[in-house]
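Please look over the sequence and the structure below. The paragraphs after them go through a few parts in turn.

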Amino acid sequence: MKSYTHRVAYYETDKMGITHHSNYIRWMEEARVDFLDQIGWNYRRLEENGIVSPVLNVNCRYRHSTTFDDIVSITAKVKDLTMVRMTISYEMKKSGTDEIVCTAESQHCFLDTAGKPIPLESSYPEFYKALKENMEQA
């Protein structure tokens with residue numbers, strides 16, 4: 001289970017003083033980039049290997065508000081993995097508490113630079129193995 005920490009910036013809040021909902025999706029990307037870095041497959045390495053991973057779908061459930069200067073701990077895990085697709089789940093909590101502020105998922109596919117699907121397990125078995133090792137346990 002990989003964790004990433006984000007401090008809510010003032011510009012991320014709205015007139016009501018709460019974090020604008022669009023920022024949670026940005027934080028998901030930050031956590032995903034950090035997750036891949038932690039498992040040894042950062043975006044630079046993926047791109048050097050000719051792998052791109054566009055977002056296919058994003059789903060968020062906002063449960064509690066965050067405000068300026070809150071510290072949010074984001075746990076990212078591989079929820080599902082097939083030959084060409086991956087779903088990452090995110091759980092965001094106010095740091096130091098059990099208060100869940102958002103649960104989310106993002107689905108991605110793996111393509112080469114020409115836009116053709118890459119069968120990850122056979123083409124990049126080390127990357128596939130690293131992702132499999134970081135799947136959430138049912």
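**Two sides of a helix**

On one side of helix 4 (residues 125-133), Glu126, Lys129 and Glu133 are exposed. This is a predicted model. Facing the other way in helix 4 are Phe127, Tyr128, Ala130 and Leu131, which are buried. These four cover an arc of only 160° around the axis, so they lie on the same side of helix 4. The general reason is that an α-helix has 3.6 residues a turn, so residues three or four places apart point the same way.

What covers the buried residues of helix 4? The cover includes helix 1, helix 2 (43-48), strand 3 (71-81), strand 4 (85-94) and helix 3 (120-123).

Next comes the surface. Ile25, Val55, Val58 and Tyr62 make a nonpolar surface patch of about 310 Å². Strand 2 (residues 55-62) gives the largest share of this patch, three residues. Ile25, in contrast, is placed in helix 1 (residues 22-38). With a relative accessible area of 39%, Ile25 is partly exposed; a residue needs over 30% to be part of a patch, so Ile25 can be counted.

The cysteines are the last topic. How many disulfides are there? The count comes to zero. Cys102 is in no disulfide, and the nearest cysteine sulfur, that of Cys60, is 4.6 Å away. A disulfide needs two cysteine sulfur atoms within 2.5 Å, so this pair does not qualify. Cys102 is buried, with a relative accessible area of 0%. Cys109 is in no disulfide either, since the nearest cysteine sulfur, again that of Cys60, is 19 Å away. Cys109 is also buried, with a relative accessible area of 11%.

Key: Residues numbered from 1 in each chain as written. Predicted model: local features only at pLDDT ≥ 70, side-chain atom pairs only at ≥ 80, totals over all residues. Heavy atoms only, no water. Patch = residues over 30% accessible without salt bridge, like charges linked within 9 Å, V, L, I, M, F, W, Y side chains within 5 Å. Areas by Shrake-Rupley, 256 points an atom, 1.4 Å probe, with all protein chains shown as cover. Salt bridge = Lys/Arg side-chain N within 4 Å of Asp/Glu carboxyl O. Helix = DSSP H or I, 4+ residues; strand = E, 2+ residues; numbered from the N terminus. Buried < 20%, exposed > 50% of the residue type's maximum accessible area, 1.4 Å probe, protein only. Arc of directions from axis to C-beta. Contact = heavy atoms within 4.5 Å.
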